[in-house]
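Biologist: I am new to this one, so could you walk me through the terms as we go? I would like to hear the reasoning behind each label.

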Amino acid sequence: MRSYPGRRWIDRSLRDVVSRDHRMSPAAFRRRQWVTAGVVVLGAVVLGISLRVQPGSPWFYPLTFGLAAVWTIGAFASGRLHLGHIVTDDPDDEDGLVRPVVQPIALGLALAGVFVVGALVVRDIPLLSDQVEKVLGFATEGTLPLLVVVTAVNGVAEELFFRGAAYAAIPRHPVVWTTVAYTVATLATGNVMLAFAAILLGVVVGLQRRVSGGILAPVLTHCTWSLTMLLALPPIFGLR
């Protein structure tokens, strides 16, 4: 069967699992599980509070940076994290593996494109558009450079924890369970549309983590997607 370039690109990004040895001792594994469980609860509380403050509140930035600190500290406290590799056709790479950079960014842009198309539909449904506009309210009240920093920092922190620490703490079906955990934490905001986005994003970055064995691909895809959403959605909903 002929293998098309697009098909090979998708396989390398989401299907072809690279070999690696990330085994932990039973004690280290149990420690990672306990740390992860505690941080999920704490992070959900901080996330819920941060997105319930009024847009323009001086508490928004301290709370969001605090949330990033919770995810990041929890991730590194749980144990070792890995950047990961994906399969490459480059003959200069002797082991056939490379750090994932281009593919995750392209995948993040593609995922953002899907959400933009969805936003064009959602904006005409009052019940759903109200949910989106509640989140976007923060993107219109703050200064754009600071919002870009907040968005990028939280994207990195979330992936360090959910696709780094949490993924490594789950012995079976980690893509499913990290997506569930990420969605449940996001539901603490009380925003259904944000939780729906967490499901779709969680599945994609979870598959990237499964393939690459590390956090680099999920981080790049998440940040590319979230920064594109930050810039693209407010004009669609007439908020900028």
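Biologist: How many residues in the lining of the largest pocket are nonpolar, polar and charged?

Modeller: Keep in mind that this is a predicted model. By class, the lining has 28 nonpolar, 11 polar and 1 charged residues.

Biologist: Which residues lie nearest the centre of the largest pocket?

Modeller: Val 135, Leu 194, Trp 225, Ser 226 and Met 229 do, out of 40 that line it. Val, Leu, Trp and Met count as nonpolar and Ser as polar. The volume of this pocket is about 1000 Å³.

Biologist: Which helix gives the most to the lining of the largest pocket?

Modeller: That is α8, with 7 residues. Helices supplying at least two residues each include α3, α5 (126-141) and α9 (216-236).

Biologist: And the second largest pocket, what classes do its lining residues divide into?

Modeller: There we find 10 nonpolar, 5 polar and 8 charged. In total 23 residues line that pocket, and His 22, Met 24, Tyr 167, Ala 168 and Arg 209 are the closest to its centre. Arg belongs to the charged class and His to the polar one. This pocket has a volume of about 440 Å³, and α6 gives the most to its lining, with 4 residues.

Biologist: Let us turn to α3. How do you know that its span is close to the expected one?

Modeller: The expected span is 1.5 Å times one less than the number of residues. Helix α3 covers residues 60-78, which is 19 residues, and 27 Å is expected. From first C-alpha to last, α3 reaches 27 Å, so the value agrees with the expectation from the 1.5 Å rule.

Biologist: What makes Trp 71 in α3 count as buried?

Modeller: Buried means under 20% relative accessible area. Trp 71 is listed as buried, so its value falls under that cut-off. Others in α3 that are buried include Phe 60, Leu 67 and Ser 78. Just after the helix, Gly 79 takes a positive phi of about 145 degrees.

Biologist: Why are Trp 71, Phe 161, Phe 162 and Tyr 182 called a cluster?

Modeller: Ring pairs link them, and rings pair if their centres lie within 6.5 Å. Searching the whole structure gives 5 aromatic pairs.

Biologist: What makes you say that the charged end of Arg 163 sits over the ring of Tyr 182?

Modeller: The charged end of Arg 163 is 5.0 Å from the ring centre. The cut-off is within 6 Å, together with an angle within 35 degrees of the ring normal. The distance meets the first condition, and Arg 163 is reported as sitting over the ring, so the angle meets the second.

Key: Residues are numbered from 1 along each chain as its sequence is written. This is a predicted model: local features need pLDDT of at least 70, side-chain atom pairs count only at pLDDT 80 or more; totals for chains, interfaces and linings use all residues. Side-chain values use heavy atoms; hydrogens and water are left out. Rings of Phe, Tyr and Trp (its six-membered ring) pair if their centres lie within 6.5 Å; planes under 30 degrees apart count as stacked, over 60 as edge-to-face and the rest as tilted. Buried means under 20% relative accessible area, exposed over 50%, partly exposed in between (1.4 Å probe, protein chains only). On a 1 Å grid over the protein atoms alone, a cavity is a set of points where a 1.4 Å probe fits but cannot get out, and a pocket is an open set with protein on both sides within 12 Å along at least five of seven lines; lining residues have an atom within 4 Å of a point. Grid points are joined across faces, edges and corners, and a volume is the space filled by probe spheres set on the points.
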